[in-house]
Amino acid sequence: MVTVSVFPVRASLTHQLGEFIVKKQDEALQKKTDFKVSVSGGSLINALYESLVADESLSSRVQWSKWKIYFSDERIVPLTDADSNYGAFKKVVLNKLPSTIQTNIYPMDESLVGNNDAESKNKIAAEYEQILPQSLDLVLLGCGPDGHTCSLFPGEKHKYLLEETSKRVAWCHDSPKPPSDRITFTLPVLKDAKALCFVAEGSSKQNIMHEIFDLKNDQLPTVLINKLFDKKTYWFVNKEAFGKVQTKNF
Ligand SMILES: O=C(O)[C@H](O)[C@@H](O)[C@H](O)[C@H](O)COP(=O)(O)O
C-alpha cells in the first residue's frame, strides 16, 4: 500500500510535507554526511518554499549545507530560461535563503542546450546520469493532470521512457507539456531511491486522482510507480484534488 495523506487546508499540507522531508533528512544524516534529494518542476516548487523556507518551525531544522539537490526532470532550455526547473527552484526557494547558507545543487550541464541534434540531447541526459548518485534518499515528484510524473508521460508514443531499463536518465523528445525536449529520471532511478513523495493539489487534479486511486489505470506512469514501489511511496494531497476519490484501499 502507498501512504496517502489528505489535507483540508494548504498550510497543513505544506507543514506535514516539510515534517516528512526533515524526517527523511534526519534519517539520512544519522547514517551518513549528506542528504541526497531530487526535486521536480511545476507547483511542487511553491509547496517546497512554503514547507522549507516560509514555515519557521521547520526552516531552522533544514540542514541545507548537507543537502545534495538533483532534478527529477529538467527541461532542455538554458538554466536562466523561465521554463528551467533549476531556475524556478533557485528563484523560488534557494534565493530566499539567507546568503550565509551554502547549498550543493546539481543542475543539468547547459553547454549543449543550443544544439538541436539528437546526439547532443542524448549526451545531456547521459552526462546527468554520470553525476547522479546510485541511490537518492528522497525523490520529490509532482503529478500532471494526465497522470505523468518526472517527464514520464502516459500513452503508446511515450512508452520508450517507461520501458527504459538501461539509461537512468533519458531524453524525452516529445513532451505533450511544453517545452517538448526534456531529460527525465527513468524507473531504475525510482527503484533505487529510498523514498518517493508525490504532491498534488487543486481541483484540476480531481479527475486524475480518481483515475489513479479508484480506477488504478495502470497505463498511467503514476499508477505503475504506486504498484511497483508501494511501500516507499507517499502522497501528500489536498481535499480539492481528492474530491472524487472513493477508495480507502491505496
Ligand atoms: O518539469 C515538469 O514539467 C515537472 O517536473 C512535471 O513533472 C511536474 O511535476 C508535473 O507536470 C506536475 O506539475 P503541476 O504540479 O504544476 O501540475
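## Close-up views of a predicted model

**View 1. T3 of strand β1 stands opposite Y234 in strand β10.** The model is predicted: local features need pLDDT of at least 70, side-chain atom pairs count only at pLDDT 80 or more, and totals for chains, interfaces and linings use all residues. Residues are numbered from 1 along each chain as its sequence is written, and side-chain values use heavy atoms, with hydrogens and water left out. Strands β1 (residues 3–7) and β10 run parallel and are joined by 5 bridges. Strands (E, at least two residues) and helices (H or I, at least four) are DSSP runs, numbered from the N terminus. Two strands are said to pair if DSSP finds at least two bridges between them.

**View 2. Strand β10 (residues 233–238) is largely enclosed by the rest of the structure, because 5 of its 6 residues are buried.** Buried means under 20% relative accessible area, exposed means over 50%, and partly exposed lies in between (1.4 Å probe, protein chains only). Strand β9 (residues 196–200) also pairs with β10, in the parallel sense and over 5 bridges. Within that pairing, T233 of β10 is the bridge partner of L196. V199 belongs to strand β9 and counts as buried, with a relative accessibility of 5%. L29 and V199 are 170 residues apart along the chain, and 24 Å separates their C-alpha atoms.

**View 3. An open sheet is built from 7 strands with parallel pairing.** The order of the strands is β1-β10-β9-β6-β2-β3-β5. Strands β1 and β5 (104–105) are the edge strands, each pairing on one side only. At the β5 edge, 2 bridges in the parallel sense link β5 to β3 (residues 67–71). K68 has N104 in β5 as its bridge partner.

**View 4. Strand β2 (35–39) is covered on both faces.** Its 5 residues include 5 that are buried. F35, V37 and V39 lie on one side, K36 and S38 on the other. Strand β2 is joined to β3 by 5 bridges and to strand β6 (residues 138–141) by 2 bridges, parallel in the first case and parallel in the second. V37 takes part in both pairings: its bridge partner in β3 is I69, and in β6 it stands opposite L138. Ahead of the strand, D34 is placed in the loop between α1 (10–31) and β2. D34 counts as buried, with 10% relative accessibility. The side chains of D34 and K36 make a polar contact at 3.2 Å. A polar contact is a pair of N or O atoms within 3.5 Å; within protein, one atom must be able to donate a hydrogen and the other to accept it, and residues adjacent in sequence count only if both atoms are side-chain atoms.

**View 5. The ligand sits in the largest pocket.** A pocket is found on a 1 Å grid over the protein atoms alone, as an open set of points with protein on both sides within 12 Å along at least five of seven lines; a 1.4 Å probe is used. A molecule sits in a pocket if more than half of its atoms lie within 2 Å of the grid points of that pocket. Around the ligand there are 15 residues, of which S43, D73, R75, H148 and C150 come nearest; a residue counts if one of its heavy atoms lies within 4 Å. Oxygen atoms of the ligand lie 2.5 Å from a polar side-chain atom of S43, 2.9 Å from a polar backbone atom of G41 and 3.1 Å from a polar side-chain atom of R182. On its own the ligand has 420 Å² of accessible area, and the protein covers 91% of this. Accessible areas come from the Shrake-Rupley method with a 1.4 Å probe; for residues, only the protein chains shown count as cover.

**View 6. Three loops hold backbone features of note.** Most residues other than glycine have a negative phi, and most peptide bonds are trans. C150, in the loop between β6 and α6 (159–162), has a positive phi near 45°. With a relative accessible area of 4%, C150 is buried. K216 lies between α8 (206–215) and α9 (221–228), also in a loop, and its phi is positive as well, near 45°. K216 is partly exposed, at 32% relative accessibility. The peptide bond between P178 and P179 is cis, with omega about -5°. P179 is in the loop between β7 (169–172) and β8 (182–185).

Notes
On a 1 Å grid over the protein atoms alone, a cavity is a set of points where a 1.4 Å probe fits but cannot get out, and a pocket is an open set with protein on both sides within 12 Å along at least five of seven lines; lining residues have an atom within 4 Å of a point.
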